[in-house]
2 protein chains.
Amino acid sequence: MGRQAQIGRAVILDTALKIADDHGLDAVTMHGVARSLEVTPMALYRHVASKAALLDGLVEVLLTEIPLPPRAQPWDEFLMALAAAIRATARRHPAAFPLLLFRPAVTPAATSVRDAVHQALRQAGVPEAQVARTERLLSTAVLGFAVSEATGRFSRHDQAAIDADFAELQRWLRQLLPPGSTNQTAGNTVGETS
Amino acid sequence: MGRQAQIGRAVILDTALKIADDHGLDAVTMHGVARSLEVTPMALYRHVASKAALLDGLVEVLLTEIPLPPRAQPWDEFLMALAAAIRATARRHPAAFPLLLFRPAVTPAATSVRDAVHQALRQAGVPEAQVARTERLLSTAVLGFAVSEATGRFSRHDQAAIDADFAELQRWLRQLLPPGSTNQTAGNTVGETS
DNA sequence: ACCTGAACACCGTTCAAGT
DNA sequence: ACCTGAACACCGTTCAAGT
């Protein structure tokens, strides 16, 4: 028994993301993805359980695509670089990115981003009892901005104005964290929370 | 010519919102709304141009449903009350509310909320050149939180934790605005921007 | 002016069948 | 184990027709 698999979960997700990039999220359909792969719609169901599962997979791909900045730098630079990386990913995949706001971040990819932020916040001197809450508010603000930009909520403003908005957001976020511990490097205690 | 209209735009939008509340946004379909109204799907097209237009109408209804707090109070209380009102609306309509992040706020309803915030920010002493930008970041943060809560992104936390998150968010926002002008009332110059 | 009826291309998913 | 084929209920929307 057995037969060479023609497609796999990874190719399906990549194809779906490409369709979203090129033609919008509404164009991501089981029939459409199958058509792109020159395969029957039903062939997909061997690799993804349902369309909802396919969208969950897209979220995973997006999270994995966010490049974690090097941790050997001051915590504030690390956090600002991460915010910029998240925004850049949103701009690369504006149609698919909003999905990130719609699913609780419980997958390994999501956890790893969150843990990195937790580390940086500890380095920043945020009291342990506040670390998780601060991460939630930080990520909500950055995601909110990235999604707003991606969906065109700011579209009546020019690029320069939106860039300045983001710079101001970054200033806000830095301002909200305890000052003065800027010289410490983030992430040199990786693993202590696992 | 002439015939008693059985349905109208308002009833269509109300019905669509009810369906979203009860069965989720995916259940909002032309066929489904028509079924609820005991009418043919095609009857809707006399009152809304397309499904996209129907969703735009839903955004309008949501914006109109946000009760603007009384303006005769200190600007910071006004802004915090407005944030709370936005969050409350999101909680009443969790399925439909995320639509607000997906359309530029150009309708009259959206403009009126934005103008009220602009007024309050001026009262707060925000320099004129910063008013629009500050409003964008403020509304992005509040919308981001409200949508995250509505979509269940925080669902692995209990209600008390999420309430505390929101309280912390409100503290952040207040902190970011110029201090010291708390005794002025907001909105007593309504109309000066129109 | 407002609604119905029939129709079309498309969608997500089931079930049975092929190799 | 992996894919195909036929099928079903449903969707958004067009077009022509009724009153």
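This is a short chat about a predicted model with chains A and B.

Q: Let's start with the copies. What turn lays chain A on chain B?
A: A turn of 180 degrees does it, with a shift of 0.0 Å along the axis and an RMSD of 0.0 Å. That is how copies about a two-fold axis are related.

Q: And which C-alpha of chain A is nearest the axis?
A: The one of A:Gly144, which is 2.2 Å from the axis.

Q: Nice. How many of the interface residues of chain A, in percent, are also interface residues in chain B?
A: 100% of them, so the copies meet through the same surface.

Q: Switching to pockets: what volume does the largest pocket have?
A: About 1,200 Å³.

Q: Which residues lie nearest its centre?
A: The lining has 28 residues, and those nearest the centre of the largest pocket are A:Leu25, A:Asp26, A:Phe102, B:Leu25 and B:Asp26. Both chains are named in that list.

Q: What classes of residue make up the lining of the largest pocket?
A: There are 19 nonpolar residues, along with six charged and three polar ones.

Q: Which helices supply at least two residues each to that lining?
A: Helix 4 (51–65) and helix 7 (128–151) of chain A do, and so do helix 4 (51–65) and helix 7 (128–151) of chain B.

Q: Which one gives the most?
A: Helix 4 of chain A, with three residues in the lining of the largest pocket.

Q: Back to helix 7 of chain A, then. What span should its 24 residues have, and what do the end C-alpha atoms say?
A: At 1.5 Å a residue, helix 7 of chain A should span 34 Å, and its end C-alpha atoms are 35 Å apart, so the two values agree.

Q: Is helix 7 of chain A mostly buried or exposed?
A: Buried: 19 of its 24 residues are, so helix 7 of chain A is largely enclosed by the rest of the structure.

Q: What comes after helix 7 of chain A?
A: A:Gly152 follows, and its phi is positive, near 90 degrees.

Q: One last residue: where does B:Val59 lie?
A: B:Val59 is in helix 4 of chain B. With a relative accessible area of 8%, B:Val59 falls under the 20% cut-off and therefore counts as buried.

Q: What does B:Val59 touch, leaving out residues up to four places away in sequence?
A: B:Val59 touches B:Leu99, B:Leu100 and B:Arg103. B:Leu99 is 40 residues from B:Val59 along the chain, yet their C-alpha atoms are separated by 6.3 Å.

Note on methods. Residues are numbered from 1 along each chain as its sequence is written. Chains are lettered from A and ligands numbered from 1 in the order in which they are written. This is a predicted model: local features need pLDDT of at least 70, side-chain atom pairs count only at pLDDT 80 or more; totals for chains, interfaces and linings use all residues. Side-chain values use heavy atoms; hydrogens and water are left out. On a 1 Å grid over the protein atoms alone, a cavity is a set of points where a 1.4 Å probe fits but cannot get out, and a pocket is an open set with protein on both sides within 12 Å along at least five of seven lines; lining residues have an atom within 4 Å of a point. Grid points are joined across faces, edges and corners, and a volume is the space filled by probe spheres set on the points. Helices (H or I, at least four residues) and strands (E, at least two) are DSSP runs, numbered from the N terminus. Ala, Val, Leu, Ile, Met, Phe, Trp, Tyr, Cys and Pro count as nonpolar, Asp, Glu, Lys and Arg as charged, and the others, Gly among them, as polar. Buried means under 20% relative accessible area, exposed over 50%, partly exposed in between (1.4 Å probe, protein chains only). Contact means heavy atoms within 4.5 Å. The expected span of a helix is 1.5 Å times one less than its number of residues. Copies are superposed by least squares on the C-alpha atoms of residues with pLDDT of at least 70 in both.
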